[in-house]
Amino acid sequence: MRNLKLDLNFPSDVITDILCQLPVKTLLRFRCASRRWCSQIGSPDFIKIHLSHSLATNSNLSLLLKNWYLYSVELDSLRTATELNPPLNVIWGVTDVFGSCNGLVAVCNSEEEIALWNPSTRKHQILPVMPVEAPKGDLNVKPRRFTFYGFGHDPISDDYKVVRMVQFVGDNGFFSAEVKVYSLKSNSWRGIKDIPNYIRYLFQLGYLLFYRRGYATLAGGALHWVVPGGFGCYCMIVAFDLVAEEFRIVPQPDHVDGGFVMDLGVLEGQLLMICNYGNDFVDVWVMKEYRLKESWTKLFKVSQSSLNRDFGQVMPLAYSKRGDKMLLEVDKDKLL
């Protein structure tokens, strides 16, 4: 007990240097060591230091796995999965995860049930309900609607934001959309009115943001969706800047063969463009400097022969800690 007292009385900066290298679960247990440690570990300054250290060292990473339940598994070991209890009540099925950033996870059951949740500390924030406003115009009484979500961090205001886009489709071919942004700091929603004409034009043509899933990819401080081509057009990458709160088109690399299905991913904070060529092989491109078209670099190719199995989708998830291996998700049900 005497040695423990001496350890607890180390200078604050020394304790911080030691504690910031520990996993979150260990830190939560260490809060019981003393009032001083509890206060220090729970302070906003220490949380930022710990987060910065984790990002710089590529440590404290976990995978969220979803079947009928949600599970968390440490990326370094991939051995033991821990069942999670999301804050939203589910009668049937499982809560959807539509984004994660800096240890926070965005989950939803419906347009009225959305929460930001920290699985490690088990703290959460239920978002206030923001009704979807049906557009004015020549729509039928009950238009179909498609909802797309994104979640990320605004580094300038140090705020976490949820973006909700709803596209309306009428039987008479009329299309419209609304965009709203939730701010965790203000715990409120606000509408985005200044949607560029080319984005409105895509909506009016009936292009749906990413026809296979409506959840955004976070990279470079922006949320990204694929807009599938129509009438012979190629796919486009649409981004929503979380700082400026405005849309833009992300340039794609030159000299890419056509005839592929596009997907988006992120690897160590960099945007990935995944080109699936008819379930035969997949090319993975990385944008090494965000918004710079010339920085697109072909990272690798994955073929069915190299995996020794048939596949429909391949998604890079993370490098190993040593950087000599890469974890891939194949067809949303296998990890390689």
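**Exercises: a surface patch, a buried threonine and a core**

Isoleucine 18 sits in helix H2 (residues 12-19); helices are DSSP runs of H or I with at least four residues, strands are E runs of at least two, and both are numbered from the N terminus. We're working on a predicted model, where local features need pLDDT of at least 70, side-chain atom pairs count only at pLDDT 80 or more, and totals for chains, interfaces and linings use all residues. Residues are numbered from 1 along each chain as its sequence is written, and side-chain values use heavy atoms, without hydrogens and water.

**Exercise 1.** Work out how isoleucine 18 is classed by relative accessible area.

Step 1: look up the cut-offs: buried is under 20% relative accessible area, exposed is over 50%, partly exposed is in between (1.4 Å probe, protein chains only).
Step 2: isoleucine 18 comes out at 44%, so it's partly exposed.

**Exercise 2.** Place threonine 95 and find its side-chain polar partner.

Step 1: threonine 95 is in the loop between strand S3 (81-84) and strand S4 (96-101).
Step 2: its relative accessible area is 1%, so threonine 95 is buried.
Step 3: contacts (heavy atoms within 4.5 Å) of threonine 95, beyond four places in sequence, include Lys66, Leu70 and Asn109.
Step 4: the side chains of threonine 95 and asparagine 109 are 3.1 Å apart in a polar contact, meaning an N or O pair within 3.5 Å, one able to donate a hydrogen and the other to accept it; sequence-adjacent residues count only if both atoms are side-chain atoms.

**Exercise 3.** Find what methionine 273 touches beyond four places in sequence.

Step 1: go through its contacts; among them are Ile237, Met262, Trp285 and Trp296.
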